[in-house]
Each structure stands twice: as structure tokens, then as C-alpha cells.
Amino acid sequence: MKIYTKTGDAGDTGLFGGGRVPKDHPRVAAYGEVDSLNAAVGFAAALDPRSWEAPLLEAIQRDLFTAGAILATPQPDKLKTPPAPIGADRITALERAIDRLEEGLPPLDRFILPGGGAK
């Protein structure tokens, strides 16, 4: 699979399984946001120490990749291998990880605006 399509830029994009939609379509925006989140998780996984929660972060990235594929595939029956849905077991595992990590934090009493640097 090539990383370019050579279909030109007429303001639309192809979806997995066929079909084209405008680049500002909500489906494209949704899988773009999922891809951005996946990149942020990948950045977090690359920070020191790299071993911190590595299996958890990798599992989250795999689930985000699956979610992006599902969003980019409006007709999964047209694919040879449609993406498998993210099951309740994966959601439960993420919730348990959040609960486990939250135990070591002080109670949340305000929101923190994102920004600043990596270190």
C-alpha cells in the first residue's frame, strides 16, 4: 500500500471500502482526531522512562488505530478483512487502568489547561 494515492486533490478523499467524501466531512474529521490522539499517546510512550506503562499505551494505540479504521470504513462488508470492533473487554480494561492510575493522584479540584513543553 502506497502512502500517496495519485488521485489529485479535488477537495475530497477516498474511504476504505470505496466511496469518496469531502475532506471537511465529519467522518474525516473524526478519524483525523483519533489519529492525532494516537500520535499524542505515541509521544507519551516515547518519553522517559520508556518502560512506564508501555503495554497499556501500546494497547491504547492499537484500539485507537482500530477506531480510526472503523471510522474510515463506512461499508466494512466491502473489505476483505473488515476491522474488528473494539469489544466491551477492551473498554473495561481501559477503565480498570484509569482507576488504578487514579489511585495515586490527589483528588481533582480544578481543570488544568493543556500547554507548555514536554519537560
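Author: In this predicted model, a helix is a DSSP run of type H or I with at least four residues, a strand is an E run of at least two, and both are numbered from the N terminus. Pro49 is placed in the loop between α1 and α2.

Reader: What makes the peptide bond from Asp48 to Pro49 stand out?

Author: The bond is cis, with omega near -10°. Most peptide bonds are trans, and most residues other than glycine have a negative phi.

Reader: Which sign does phi have at Glu53, and where is Glu53 found?

Author: Glu53 has a positive phi, about 55°, although it is not a glycine, and Glu53 also belongs to the loop between α1 and α2.

Reader: Why is Glu53 called buried?

Author: The relative accessibility of Glu53 is 18%, and buried means under 20%, so Glu53 counts as buried.

Reader: What makes the pairing of Arg100 with Glu53 a salt bridge?

Author: The side chains meet at 3.0 Å, N to O, and the cut-off for a side-chain nitrogen of Arg and a carboxyl oxygen of Glu is within 4 Å, so the pair qualifies. The partners come from distant parts of the chain, Arg100 from helix α3 and Glu53 from the loop between α1 (26–46) and α2, and they are 47 residues apart.

Reader: Is Arg100 buried, or partly exposed?

Author: Arg100 has a relative accessible area of 43%; since the partly exposed class runs between 20% and 50%, Arg100 is partly exposed.

Reader: How do you know that Arg90 and Asp63 form a salt bridge, and which parts does the pair tie together?

Author: The N to O distance is 3.0 Å, which is within the 4 Å cut-off, and therefore the pair is called a salt bridge. Arg90 lies in helix α3 and Asp63 in helix α2, so this pair ties together parts that are 27 residues apart in sequence. Asp63 is buried, at 18% relative accessible area, whereas Arg90, at 27%, is partly exposed.

Reader: How many salt bridges are found in the whole structure?

Author: A search of the whole structure gives five, and one of them joins Asp12 to Arg20, where the closest N and O atoms are 3.3 Å apart. That distance also satisfies the cut-off of 4 Å, so the name applies to Asp12 and Arg20 too. Asp12 has a relative accessible area of 24% and Arg20 has 43%, and because both values fall between 20% and 50%, both residues are partly exposed.

Reader: What values describe how helix α2 and helix α3 pack?

Author: Two packed helices are described by the angle between their axes and the distance between the axes. For α2 (residues 54–71) and α3 (residues 88–102), the angle is about 145° and the axes are 11 Å apart, and the crossing of α2 past α3 is left-handed. On the α2 side the contact is made by Leu56, Ala59, Ile60 and Asp63, and on the α3 side by Arg90, Leu94, Ala97, Arg100 and Leu101.

Reader: What classes of residue make up the contact of α2 with α3?

Author: There are six nonpolar residues, no polar ones and three charged ones. Asp63, Arg90 and Arg100 are listed in the contact, and they count as charged because Asp and Arg belong to that class.

Reader: Which residues form the largest nonpolar core, and which helix gives the largest share?

Author: The core has eight residues, namely Val34, Val41, Leu56, Leu57, Ile60, Leu64, Ala67 and Ala97. The elements giving two or more residues are α1 and α2, and the largest share, five residues, comes from α2.

Reader: Why is Thr73 called buried, and what does Thr73 touch?

Author: Thr73, in the loop between α2 and α3, has a relative accessible area of 5%, and because buried means under 20%, Thr73 is placed in that class. Leaving out residues up to four places away in sequence, Thr73 touches Phe16, Arg27, Leu79 and Pro83.

Reader: What makes Lys23 partly exposed?

Author: The relative accessibility of Lys23 is 41%, and this lies between the limits of 20% and 50%, so Lys23 counts as partly exposed. Lys23 sits in the loop between β2 (20–22) and α1, and, with residues up to four places away in sequence not counted, Lys23 touches Asp9, Gly11, Asp12, Thr13 and Val28.

Definitions and conventions: Residues are numbered from 1 along each chain as its sequence is written. This is a predicted model: local features need pLDDT of at least 70, side-chain atom pairs count only at pLDDT 80 or more; totals for chains, interfaces and linings use all residues. Side-chain values use heavy atoms; hydrogens and water are left out. Axes are lines fitted to C-alpha atoms, for helices over the stretch in contact, and angles run from 0 to 180 degrees between N-to-C directions. A crossing is left-handed if the near helix is turned anticlockwise from the far one by less than a right angle, and right-handed if clockwise. Contact means heavy atoms within 4.5 Å. Buried means under 20% relative accessible area, exposed over 50%, partly exposed in between (1.4 Å probe, protein chains only). A nonpolar core is a set of buried Ala, Val, Leu, Ile, Met, Phe, Trp, Tyr and Cys residues joined through side-chain atoms within 4.5 Å.
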